[in-house]
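This report looks at a protein together with its ligands. The sequence and the structure come first, and the description follows.

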Amino acid sequence: MQPFSYTKVTSQEVAIATVNQDKTAAFIAGGTDLLGLMKDGVQTANILIDINSLPLADIEFQTTGIRIGAVSRMTDVAFHPQIQECYPVISQALLQSSSPQLRNMATVGGNLLQRVRCSYFRDPVFPCNKRTPGIGCSAITGYNRMHAIFGASEHCIAVHPSDLAVALAALDAVICIQGAEKERRISIHDFYLLPGETPEKETLLQPGELIVAIEVPNSAYKSHYLKVRDRASYEFALVSVAVALDVERDMIKSARIAFGGVAPKPWRARDAEKLLQGKPINEATFRDAAAVAIKEAKPQTDNEFKIELVKRALIRALSVVAKES
Ligand SMILES: Cc1cc2nc3c(=O)[nH]c(=O)nc-3n(C[C@H](O)[C@H](O)[C@H](O)COP(=O)(O)OP(=O)(O)OC[C@H]3O[C@@H](n4cnc5c(N)ncnc54)[C@H](O)[C@@H]3O)c2cc1C
Ligand code: SF4
């Protein structure tokens with residue numbers, strides 16, 4: 001591992017200014033992703049700026065919704081009583097992420113910015129366009145069972161690994177960002193980028209910008225997170241789905257659906273959402289929505305099975321929320 005220096009900061013301005021001035025500096029929060037990448041020689045940083053002492057760990061309920069500080073631990077957010085009551089999809093997504101030890105250490109800001117779990121990306125022996133632009137993608141011709149069926153490009157087919165991001169996409173969350181000059185608020189849908197010709201660019205975050213909080217608007221939606229994986233815990237999603245439904249007298253007023261494990265960013269199924277609007281809650285409706293949700297799917301050589309999994313996961317998640325509505 002390349003040597004690096006480490007500084008703990010208590011001022012947001014100092015943290016941002018340091019990373020702005022030195023392009024070899026990086027923020028470190030829980031360190032559960034960054035340090036692994038540094039040990040594997042995938043990512044380098046000469047200076048790590050520890051942001052854990054910044055006053056960014058509050059979870060506040062406001063009149064418009066909740067504001068979750070970026071260095072809140074995954075565990076604290078998952079077990080927050082009001083989040084469990086009002087936004088169960090967030091709590092469920094977090095509790096199905098990582099392991100208890102990792103969740104105690106890892107932050108929500110770090111979770112949203114974790115790098116892809118493509119094994120070729122994480123092993124510098126293999127060519128990877130995300131690590132070295134233009135060098136080629138080993139997954140396209142290699143083993144790609146875990147990879148994308150939506151939103152991929154000929155340059156990268158990796159999926160975004162965060163469960164939390166999928167839950168937040170179904171809740172239309174906003175990412176609050178502080179830079180050296182200004183503060184920005186970006187919808188989670190715009191925050192993540194598709195790989196296109198530049199798979200090395202994963203988000204709209206500029207160098208030196210700090211995520212300070214995540215805001216989730218109030219809503220009348222009932223929600224649920226369903227994750228399908230190879231083993232019951234401590235595993236990334238093959239397919240996951242976050243569903244939020246607003247139901248009145250057994251009719252769906254509005255629906256939001258986001259998939260994980262299938263695309264380079266949380267994948268909103270907008271056509272399926274439109275289909276559900278104004279329909280009765282029953283299995284036939286859910287099956288129609290599932291058929292629409294997979295229309296644009298383009299599987300890789302090893303993951304055609306994900307198409308059926310997406311359909312079944314969506315039908316099951318919708319059925320769970322329908323029972324609670
Ligand atoms: C074995 C294993 C299994 C896992 N399983 C899952 C899973 O099933 N689901 C899931 O969602 N995740 C999973 N994870 C990922 C884990 O949740 C992440 O490692 C963790 O959330 C990262 O948070 P962190 O605070 O440790 O981030 P760090 O490692 O500290 O940082 C990650 C990146 O974000 C940057 N960063 C951190 N905070 C900020 C900020 N506020 N503003 C700007 N930049 C910032 C850092 O510079 C770094 O580039 C797993 C991880 C491991 C190791
Ligand atoms: S899928 Fe993306 S991350 Fe994986 S090897 Fe190809 S370019 Fe790299």
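The sections below cover the domains, then ligand 1, then ligand 2.

## Model and domains

The structure is a predicted model. The assignment divides the protein into two domains: domain 1 covers residues 5-52, and domain 2 covers residues 222-324. Taken over C-alpha atoms, the centres of domain 1 and domain 2 are 37 Å apart.

## Position and surroundings of ligand 1

Both domain 1 (5-52) and domain 2 (222-324) contribute residues to the shell around ligand 1, so ligand 1 lies between them. The shell holds 32 residues, of which F27, G31, T32, T107 and D163 come nearest to ligand 1. By residue class, the shell around ligand 1 has 15 nonpolar, 11 polar and six charged members.

## Polar contacts and burial of ligand 1

Two of the contacts described here involve oxygen atoms of the ligand. A backbone N or O atom of F27, one of the residues that come nearest, is 2.5 Å from an oxygen atom of ligand 1. In the side chain of S98, an N or O atom lies 2.9 Å from an oxygen atom of ligand 1. A nitrogen atom of ligand 1 is paired with I211, where a backbone N or O atom lies at 2.9 Å.

Ligand 1 exposes 990 Å² when taken alone, and the protein buries 92% of that area. Three elements give two or more residues each to the shell around ligand 1: strand β2 (25-28), helix α7 (108-113) and strand β8 (210-217). The largest contribution to this shell comes from α7, with three residues. F27 falls within the range of β2, and I211 falls within that of β8.

## Surroundings of ligand 2

Ligand 2 has 15 residues around it. The closest of these are four cysteines, C118, C128, C137 and C156, together with I157. The shell around ligand 2 divides into 10 nonpolar residues, four polar and one charged.

The space that ligand 2 takes up is the second largest cavity.

## Summary

Ligand 1 lies between domain 1 and domain 2, and the protein buries 92% of the area that ligand 1 exposes when taken alone. Ligand 2 takes the space of the second largest cavity, with C118, C128, C137, C156 and I157 as its closest residues.

Definitions and conventions. Residues are numbered from 1 along each chain as its sequence is written. Chains are lettered from A and ligands numbered from 1 in the order in which they are written. This is a predicted model: local features need pLDDT of at least 70, side-chain atom pairs count only at pLDDT 80 or more; totals for chains, interfaces and linings use all residues. Side-chain values use heavy atoms; hydrogens and water are left out. A residue is near a molecule or strand if one of its heavy atoms lies within 4 Å of it. A polar contact is a pair of N or O atoms within 3.5 Å; within protein, one must be able to donate a hydrogen and the other to accept it, and residues adjacent in sequence count only if both atoms are side-chain atoms. Accessible areas come from the Shrake-Rupley method with a 1.4 Å probe; for residues, only the protein chains shown count as cover. Helices (H or I, at least four residues) and strands (E, at least two) are DSSP runs, numbered from the N terminus. Ala, Val, Leu, Ile, Met, Phe, Trp, Tyr, Cys and Pro count as nonpolar, Asp, Glu, Lys and Arg as charged, and the others, Gly among them, as polar. Domain bounds come from an automatic or database domain assignment. On a 1 Å grid over the protein atoms alone, a cavity is a set of points where a 1.4 Å probe fits but cannot get out, and a pocket is an open set with protein on both sides within 12 Å along at least five of seven lines; lining residues have an atom within 4 Å of a point. A molecule sits in a cavity or pocket if more than half of its atoms lie within 2 Å of its grid points.
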